[in-house]
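Got the viewer open? Here's a quick tour, one selection at a time.

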Amino acid sequence: MKRKYICIYKKMIIHITKRYTSIMQCSCCKKILDKDKFSLKNEDKKIYYLHCNNCREKLKTSRPDKQKQEKQRYEKLKKDARIECNCGSVYVAFRDFHILRHLNTLKHKAYLSTKASS
Ligand SMILES: [Zn+2]
Ligand SMILES: [Zn+2]
């Protein structure tokens, strides 16, 4: 009797998890959709993409733009961050280590030493 009860219970669990796992919420558009609206990331392990097929298509088409924008932003940053040092060097610095790197160049060190001796 007890055994049978456990068996039914197990069946119920399987039934519930089956029902539950046949739907997924897209982490992008937040819609709750059937799993067939998602693609498998790993077929053996039954791992699905977190974004529904619809959102993945959208992302795919918008991604090249994003990359281009990133590059443009970077180019602009590089242009805006030109530093003309007293040592005569013109260099690009938009991070601390760029400045540090310049301060360690021979040209800058030479400039410092001539300044110190005069
Ligand atoms: Zn989606
Ligand atoms: Zn310098």
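Start with the contacts in the chain: of those between residues at least 6 apart in sequence, 13% join residues at least 24 apart. Two residues are in contact here if their C-beta atoms, placed from the backbone, lie within 7 Å. Keep in mind that this is a predicted model, where local features need pLDDT of at least 70, side-chain atom pairs count only at pLDDT 80 or more, and totals for chains, interfaces and linings use all residues. Residues are numbered from 1 along each chain as its sequence is written, while chains are lettered from A and ligands numbered from 1 in the order in which they are written.

Next, zoom out to the whole C-alpha trace, which spans about 100 × 35 × 25 Å along its principal axes. The radius of gyration is 30 Å, against near 13 Å for a compact globule of 118 residues (taken over C-alpha atoms; the globule rule is 2.2 Å times the number of residues to the power 0.38).

Now select 2-62 for domain 1 and 75-117 for domain 2; the bounds come from an automatic or database domain assignment. Their centres, over C-alpha atoms, sit 55 Å apart.

Switch to cartoon and you get four helices and six strands, in the order α-β-β-β-β-α-β-β-α-α. These are DSSP runs numbered from the N terminus: helices are H or I, at least four residues, and strands are E, at least two.

Last stop: residues 106-117, helix H4. Its end C-alpha atoms are 16 Å apart, which agrees with the 16 Å expected for 12 residues at 1.5 Å a residue (1.5 Å times one less than the number of residues). How many residues of H4 are buried? Zero of its 12, and across the chain buried residues make up 2% of the 118. Buried means 20 or more other C-beta atoms within 10 Å of the residue's own, with C-beta atoms placed from the backbone.
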